[in-house]
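Trainee: I'm new to this one, so can I quiz you on the terms people use for it?
Mentor: Sure, let's look at it together.

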Amino acid sequence: ETTKRTVLVSGSTSGIGEAIATAFARDGATVVVNGRDQERTEAAAGRIRSATGHDGLLPVAADLGTAEGARTVFDAVPEVDVLVNNLGIFGATPFMEITDEEWHHYFEVNVLSGVRLARHYIPGMVRRGWGRVIFISSESSLMIPTEMVHYGMTKTAQISVSRGLAQTVAGSGVTVNTVLPGPTLTPGVETFIADRVGADLPFAEAEARFIAEERPTSLLRRLIRPEEVAGLVHYVGSDASSATTGATLRVDGGLIPM
Ligand code: NAD
């Protein structure tokens with residue numbers, strides 16, 4: 001089934017997005033690879049092609065933090081069956097120093113990007129009677145980091161948007177869900193951890209210390225790997241998940257206790 005499908009993964013030139021795109025490419029879907037920059041988008045498509053031996057990759061560079069970017073992607077690929085709203089920006093700023101512009105920017109990039117893509121693609125999915133929309137939220141939606149409240153706000157907002165959209169398309173054959181990863185080993189997180197617990201440590205040690213000190217409820221006792229997030233997203237994007245909609249599914253290593 002998946003072989004005939006088209007899957008769009010926003011922000012798939014790195015980290016979790018690249019792993020998700022790779023998982024869908026592996027079983028033969030046509031995968032739209034997206035990043036802001038043309039060269040990096042093509043490079044990621046090349047890496048996924050070499051990793052999977054699959055040719056059906058469509059690199060489409062666009063800044064999805066803008067309405068024009070969403071339109072560019074839609075014009076390039078007007079039909080997708082699985083939409084994964086993965087892209088996200090994060091950075092630390094103390095609450096009192098987050099400017100109005102920064103609040104708006106985080107909302108626009110992390111939340112509106114997915115809303116706009118959903119508006120473009122949902123009508124076609126409903127018409128065809130099959131579709132999967134998946135929002136990639138974060139542990140930071142439920143455990144808001146003090147120094148990243150603007151980021152946390154966007155990750156909570158995604159859950160509301162996802163649930164509301166699932167209610168909007170109820171009964172159509174289109175499902176809408178949120179996947180909520182815990183701390184995952186991506187290039188950005190690697191740098192973040194080195195900064196926080198000491199760049200001089202071997203990474204495995206820094207990782208263990210970060211989890212012990214900053215994520216003590218983790219039952220996994222290590223960072224999640226991007227492929228482990230992609231495994232759940234791949235399932236939610238399949239036929240097998242047809243009864244799962246309006247849900248928030250966690251791949252957080254047991255971090256959040258309930
Ligand atoms: P990353 O920084 O490695 O990758 C982000 C991707 O988004 C890149 O491909 C980048 O090019 C793209 N991107 C950023 N802004 C864009 C824009 N305006 N237009 C188009 N593309 C854009 O990030 P990651 O760590 O893999 O995170 C991916 C998602 O997973 C995010 O939504 C993040 O909130 C979520 N998440 C990450 C972690 C983690 O620990 N890494 C944990 C929980 C949730």
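Mentor: To start, this is a predicted model, and its chain has 8 helices and 7 strands.

Trainee: What makes the chain as compact as a globular protein of that length?
Mentor: Its radius of gyration is 18 Å, and the globule rule gives 18 Å for 258 residues; the two are close, so the chain counts as that compact. Along the principal axes, the C-alpha atoms fill a box of roughly 50 × 40 × 35 Å.

Trainee: Which residues come nearest to the ligand?
Mentor: Thr13, Ser14, Asp63, Asn86 and Tyr151, out of the 28 residues around the ligand. Each of those 28 counts because one of its heavy atoms lies within 4 Å of the ligand.

Trainee: Why is the pair between the ligand and Leu87 called a polar contact?
Mentor: The cut-off for N or O atoms is within 3.5 Å. An oxygen atom of the ligand is 3.5 Å from a polar backbone atom of Leu87, so the pair qualifies. With Gly11, again through a polar backbone atom, the distance is 3.2 Å. For Thr186, a side-chain N or O atom is 3.1 Å from a ligand oxygen.

Trainee: How much of the ligand does the protein cover?
Mentor: On its own the ligand has 830 Å² of accessible area, and the protein covers 92% of that. The space the ligand takes is the largest pocket. Helix H1 (15-26) and helix H5 (149-168) each give two or more residues to the shell.

Terms used
Residues numbered from 1 in each chain as written. Predicted model: local features only at pLDDT ≥ 70, side-chain atom pairs only at ≥ 80, totals over all residues. Heavy atoms only, no water. Polar contact = N/O pair within 3.5 Å; in protein donor to acceptor, adjacent residues only side chain to side chain. Areas by Shrake-Rupley, 256 points an atom, 1.4 Å probe, with all protein chains shown as cover. 1 Å grid on protein atoms, 1.4 Å probe; cavity = no way out; pocket = protein on both sides within 12 Å on 5 of 7 lines; lining within 4 Å. Sits in = over half its atoms within 2 Å of the grid points. Helix = DSSP H or I, 4+ residues; strand = E, 2+ residues; numbered from the N terminus. Rg over C-alpha atoms; globule rule 2.2 N^0.38 Å.
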